[in-house]
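User: I'd like to go through this model with you, side chains and pockets included. Can you take my questions as they come?

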Amino acid sequence: MTTGNDGKLDPEIVHQLFETHVKELRAFLTGLLRDHDFVDEVIQLTFSKALQSGGQSNEETRKGWLFRVAYHESMGLIRRNKIHKKSLNNLCQTTKSYWTETPEQRLLETENIEQIRMALKNLPESQQAIVIARIYESKTFKEIAIDFGLPLGTVLTRMRLAIKTLSRQIDNPSENP
């Protein structure tokens with residue numbers, strides 16, 4: 001039996017695929033990731049996925065399927081690692097500035113952050129969503145455009161308008177609605 005009705009692949013078939021393709025897959029992933037720990041993790045994820053849904057692939061193209069899964073898992077791992085590093089860096093910067101600033105500076109910064117949050121709430125929802133995705137989720141404009149199904153130019157225009165409005169509201173708080 002190679003597959004069940006649920007798309008799972010027989011563990012013996014997965015073992016054979018592992019024995020047959022792991023060296024070539026490891027070489028491919030080492031060139032892509034350049035980190036042996038990441039390579040091991042992606043290999044584990046790839047063959048785990050083969051167990052779970054490898055039965056949906058054609059037997060003749062299973063090697064290509066494995067490499068495609070490994071590639072996508074690698075890209076996901078790279079993205080998660082970048083986000084993790086960026087978060088740690090942001091946390092480090094925040095903690096460092098927290099301990100070096102005076103209480104007055106921290107209070108002023110807290111007030112500024114609150115003022116920005118209030119100004120952000122006054123933006124139209126279409127602009128709010130773009131700003132949140134860009135600033136708080138660290139997405140690129142291209143990713144935002146894809147996520148929202150908008151042309152890149154529209155996303156850029158909404159961001160420009162949002163920044164202009166936010167700047168005006170923060171510079172002149174008495175004009176806020």
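User: Phenylalanine 18, is that buried or exposed?

Analyst: In this predicted model phenylalanine 18 is partly exposed, with a relative accessible area of 32%. Buried means under 20% relative accessible area, exposed over 50%, and partly exposed in between (1.4 Å probe, protein chains only). Residues are numbered from 1 along each chain as its sequence is written. Local features need pLDDT of at least 70 and side-chain atom pairs count only at pLDDT 80 or more, while totals for chains, interfaces and linings use all residues; side-chain values use heavy atoms, with hydrogens and water left out.

User: And phenylalanine 47, buried or exposed?

Analyst: Phenylalanine 47 is buried, at 7% relative accessible area.

User: How many aromatic pairs are there?

Analyst: The count comes to two aromatic pairs. Rings of Phe, Tyr and Trp (its six-membered ring) pair if their centres lie within 6.5 Å; planes under 30 degrees apart are stacked, over 60 edge-to-face, and the rest tilted. One of the pairs joins phenylalanine 18 and phenylalanine 47: the ring centres are 5.1 Å apart and the planes sit at 75°, so this is an edge-to-face pair.

User: Which parts does that pair tie together?

Analyst: Phenylalanine 18 is in helix H1 and phenylalanine 47 in helix H2, so the pair ties together parts 29 residues apart in sequence. Helices (H or I, at least four residues) and strands (E, at least two) are DSSP runs, numbered from the N terminus.

User: OK, salt bridges. How many?

Analyst: Five turn up in a search of the whole structure. A salt bridge here is a side-chain nitrogen of Lys or Arg within 4 Å of a carboxyl oxygen of Asp or Glu. One of them pairs arginine 26 with aspartate 40, with the closest N and O atoms 2.6 Å apart. Arginine 26 lies in helix H1 (residues 11–33) and aspartate 40 in helix H2 (residues 36–53), so this bridge ties together parts 14 residues apart in sequence.

User: What does lysine 139 pair with?

Analyst: Lysine 139 meets glutamate 137 in a salt bridge at 3.4 Å, N to O, and aspartate 147 in another at 2.5 Å. Shared partners join Glu137, Lys139 and Asp147 into one network. Lysine 139 is partly exposed at 23% relative accessibility, and glutamate 137 is partly exposed at 45%.

User: Switching to pockets. How much space lies in the largest one?

Analyst: About 450 Å³. On a 1 Å grid over the protein atoms alone, a pocket is an open set of points where a 1.4 Å probe fits, with protein on both sides within 12 Å along at least five of seven lines, and lining residues have an atom within 4 Å of a point. Its volume is the space filled by probe spheres set on the points, which are joined across faces, edges and corners.

User: Which residues are closest to its centre?

Analyst: Of the 15 lining residues, Arg79, Ile83, Glu137, Ser138 and Glu143 are closest to the centre of the largest pocket. H3 gives the largest share of that lining, eight residues.

User: Where does the largest pocket lie?

Analyst: Domain 1 (2–81) and domain 2 (100–175) both give residues to its lining, so the largest pocket lies between them. Those domain bounds come from an automatic or database domain assignment.

User: And the second largest pocket, how much space is in that?

Analyst: About 380 Å³. H4 gives the largest share of its lining, five residues.
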